[in-house]
Amino acid sequence: LVMVGNHTLTKFVLLGITDSPFARVPLFGLFLLIYIFTLVGNIGIMVLVWAVPSLHTPMYFFLTHFSFADICYSTVISPRMLADLLSESRTISFAGCVTQFHGFSFFATAECHFLAAMAYDRYVAICRPLLHVVAISRCVCQQLVAASYLIAFISAIAYTVCTFGGSFCGPDRIDHFFCDVSPVLKLVCSDTHHSEMIIFAFVAINAGGTGTVILLSYTCILHTVLRMRSAGSRSRALNTCASHLMAVSLFYGTIFFMYLQPASSHSSLDKVASVFYTVVTPMLNPFIYSLRNKEVKDAL
């Protein structure tokens, strides 16, 4: 609860993805289908990796955690959004809003670090193949995953405190389909400049830091691949990396668009971008990694 003068703000109203009553049922059907595909695809990837010994490699170890994060942060958003499409009240408790935002920011941040870990694994496998067993041992993989979750948890706490730590003095209508940074901060009456700067800094460190690791890894990979004499070797190396690069582009493109811009620059396009990275991308990732990957096809 947030105390506002003699009043207590106990809930928010989510305005949702559309104002049109005619669009709600078709959108409900579409997003329900996407959510089902997200669950089936990502759970399928996790079960396949656990069940097939040939997939017990660092890349697929990271991929299971990536799929787990996809399932979790999609589940934090989608069921609530689906319920609101068929509901008239669309209210969410203050505690529920805080919990939703914290869960979303935790799993989204963890995904950034998993993508960086996967890029580092590809770099070692292609550029330093003789060191791969030592440099990316099971112990190292577990440490990287644990560090990813720890950094994500600390960052999520910082995001949540900065977003919900101000004074809410009346307006309770969030112009979004979930509790996100920008629409919530618009309801804060106190000065949000310092909070916005801290959030910006954490996003820049997490997204920028992991993005730099990915960029450097693929720069080295490209340099190594171009020096390979065999066309078959080049094709295999590039094909292995293509899936990961596609997932990186989808995820980071929308994240940078949403969170590395001033609050005053946010517009109606935010909802479209948000739908893409909270709903569509988690569904696409299993297809990107399975349909383009010979190892997964063979395992299936």
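Is Arg-229 buried or exposed? Arg-229 is exposed, with a relative accessible area of 85%. Please keep in mind that this is a predicted model. Here are some points to help you find your way around.

1. **Where Arg-229 sits.** You will find Arg-229 in the loop that lies between helix 7 (193-226) and helix 8 (231-259). For a sense of scale, try Leu-39 as a second landmark: Arg-229 and Leu-39 are 190 residues apart along the chain, and their C-alpha atoms are separated by 41 Å.

2. **The annotated spans.** An unreviewed UniProt entry carries the annotation "transmembrane region" for residues 27-52, 146-168, 197-225, 237-260 and 272-291. Two of these spans are worth a look in the model. Residues 27-52 are 96% helix and 0% strand, with 37 Å between the end C-alpha atoms. Residues 197-225 are 100% helix and 0% strand, and here the end C-alpha atoms lie 40 Å apart.

3. **A small group of strands.** Next, please turn to the sheet, which is open, has three strands in the order 4-3-5 and shows mixed pairing. Its edges are strand 4 (91-93) and strand 5 (173-174), each of which pairs on one side only.

4. **How the strands pair.** Strand 3 (residues 11-14) runs antiparallel to strand 4, and three bridges connect them. Along this pairing, Phe-12 has Ile-92 as its bridge partner, while Val-13 stands opposite Thr-91. With strand 5, strand 3 runs parallel, and two bridges join them. On that side, Leu-14 faces Ile-174.

5. **The disulfide.** The model has one disulfide. The bond joins Cys-97 to Cys-179, with an S to S distance of 1.9 Å. The link between Cys-97 and Cys-179 is left-handed, at -120° about the S-S bond. Cys-97 belongs to helix 3 (residues 94-127) and Cys-179 to the loop between strand 5 and helix 6 (181-185), so the bond ties together parts that are 82 residues apart in sequence. Cys-97 counts as buried because its relative accessibility is 0%, and Cys-179 is likewise buried at 0%.

6. **Two cysteines to check.** Why is Cys-127 not bonded to Cys-220? The Cys-220 sulfur is the closest cysteine sulfur to that of Cys-127, but the distance is 5.7 Å, which is too far for a bond; the cut-off for a disulfide is 2.5 Å. Cys-127 is buried, at 11% relative accessibility. For Cys-162, the closest cysteine sulfur is that of Cys-97, 16 Å away, so this pair is also too far apart for a bond. Cys-162 has a relative accessible area of 11% and is buried.

7. **A nonpolar patch on the surface.** Which residues make the nonpolar surface patch of about 460 Å²? They are Leu-150, Phe-153, Ile-154, Ile-157 and Val-161. Phe-153 is a handy way in: this residue is found in helix 5 (residues 138-164). Its relative accessible area is 42%, so Phe-153 is classed as partly exposed, since that class lies between the limits of 20% and 50%.

8. **A short tour to finish.** If you would like a route through the model, begin at Arg-229 in the loop between helix 7 and helix 8. Then go to strand 3, which pairs antiparallel with strand 4 and parallel with strand 5. From there, visit the disulfide of Cys-97 and Cys-179, and end at the nonpolar surface patch that includes Phe-153.

Methods
Residues numbered from 1 in each chain as written. Predicted model: local features only at pLDDT ≥ 70, side-chain atom pairs only at ≥ 80, totals over all residues. Heavy atoms only, no water. UniProt positions renumbered as here; feature names shortened; annotations may be inferred. Helix = DSSP H or I, 4+ residues; strand = E, 2+ residues; numbered from the N terminus. Pairing = 2+ DSSP bridges. Patch = residues over 30% accessible without salt bridge, like charges linked within 9 Å, V, L, I, M, F, W, Y side chains within 5 Å. Areas by Shrake-Rupley, 256 points an atom, 1.4 Å probe, with all protein chains shown as cover. Salt bridge = Lys/Arg side-chain N within 4 Å of Asp/Glu carboxyl O. Buried < 20%, exposed > 50% of the residue type's maximum accessible area, 1.4 Å probe, protein only.
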